[in-house]
Amino acid sequence: MNLKRVIYVCNFAANYGGNFLSSLYNIANKLSEKQSEVSFVFPDNAINKDWEVNLDQFNIEYTDFNNDVLFFNTVKKLVTDNCIIHTHFLNEKAFLKLGLETNKLGFENVNFVYHEHMVPSIKLKYKIIGYLGDSILRNSYYIGVSPDVKRELEKLHFNNRTFLLTNGIDIKRLNFEENKTHKNNNILIFASAYYRKGTDLAVEAINSCWLRDKVQLILVTHNPVEAQSILEKRYGLVPKFVKIVPPYKNIALLYQNSFLFLSPSRSEAFGYANLESAYSGNQVIASNIPGQSTLKNVPHITWISKNSVSELQKAIMDAYKNKDSDSIKQQKLENNKFITANYSLDNWTIKLLEIYKKISNIKN
């Protein structure tokens, strides 16, 4: 694979880089080892983000993604022959326009990869954009992060241009010196998208049974004021068993200081946190929905129906009763082995390089 450069165009400026930036760092290092140059393009508002993953060893450009002229010019100055432009969190219309603008430069063997992290809309206007892109941007390819995402992409694009690449997790940041006692009553939920994540279901499941006097629900959110307002509106005040906290940079501490992770989401593209918590030794309860259900091959995750408070409540009570059992330690060992083999960033990187190789060998 004679790949001179990969340009990662990422419309991403979150406060927390997480597994996304870790995956970019991992693939960039591997490409550099193979003598391929790597560049990143981020929005202007990402300049001052204190990300826990440092990409400074690579070429980074910042630009205004809302200004077509500035955006296109920033990317175009990086393009070379034998190049892949790989986009994240860019809408398909912008992806198509970027491809058309870049193709005008006349470089040889330039390919475009559209990485879809959420289940795409298949409304008529998006079908038109998709089919138009396939017809006039023949060097474009699409990656879905789960079978469900890939399936929907295939409704918008020609199947031979669509690939599946399940996300990986940064196992290194989860490894810590385990607290030998590791006995607490904390239940963890990520709740920045309060209702989409099913936080209301989790609070109700605990509040309506004897668990409310036994456990503490650690509600992690970028929007603490919103979460407090929702809880006060529903219950008059924040229930005593709920503790609202901001995201931690050291994610391992959150998992270490809990025995159970809840993901009763109503919608997901991929269950990063389910993998992280299972690897870290937590029991995991997740809703059986597209995006999360693709992780059913992971051992020892408890699956519940979407929107079911009763099933969630029973599963939490069972987890509480089992939290100090010897079987939980065995589950962690099995999950560690399985997740390392199937969902590590090294495994993800190998699969992405295989996709790049296929793309480079396809005749445009």
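**Helix α12 and two enclosed cavities**

Start with helix α12, where the buried residues are Leu-345, Asn-347, Trp-348, Thr-349, Leu-352, Leu-353, Ile-355, Tyr-356 and Ile-359. Keep in mind that you're looking at a predicted model. The helix runs over residues 345–361, 17 residues in total. How far apart should its ends be at 1.5 Å a residue? The expected span is 24 Å, and the end C-alpha atoms do sit 24 Å apart, so the helix agrees with that expectation.

Now follow Trp-348, one of the buried residues of α12, because a cavity counts as lined by residues with an atom within 4 Å of one of its points, and Trp-348 is in the lining of the largest cavity. The rest of that lining is made up of Phe-20, Ser-23, His-88, His-115, His-117, Asn-167, Gly-168 and Tyr-272. By type, the lining divides into six polar residues, three nonpolar ones and no charged ones. The space inside comes to about 50 Å³.

That's one of two cavities of 30 Å³ or more in the structure. The second largest holds about 40 Å³ of space. Which helix gives the largest share of its lining? That would be α11, residues 326–343, with four residues. Ile-328, Gln-331, Lys-332 and Asn-335 are among the lining residues, and so are Ala-278, Gly-281, Asn-282, Gln-283 and His-300. Sorted by type, this lining has six polar residues, two nonpolar and one charged. The charged one is Lys-332.

Definitions and conventions: Residues numbered from 1 in each chain as written. Predicted model: local features only at pLDDT ≥ 70, side-chain atom pairs only at ≥ 80, totals over all residues. Heavy atoms only, no water. 1 Å grid on protein atoms, 1.4 Å probe; cavity = no way out; pocket = protein on both sides within 12 Å on 5 of 7 lines; lining within 4 Å. Points joined across faces, edges and corners; volume = space filled by probe spheres on them. Expected span 1.5 Å × (residues − 1). Buried < 20%, exposed > 50% of the residue type's maximum accessible area, 1.4 Å probe, protein only.
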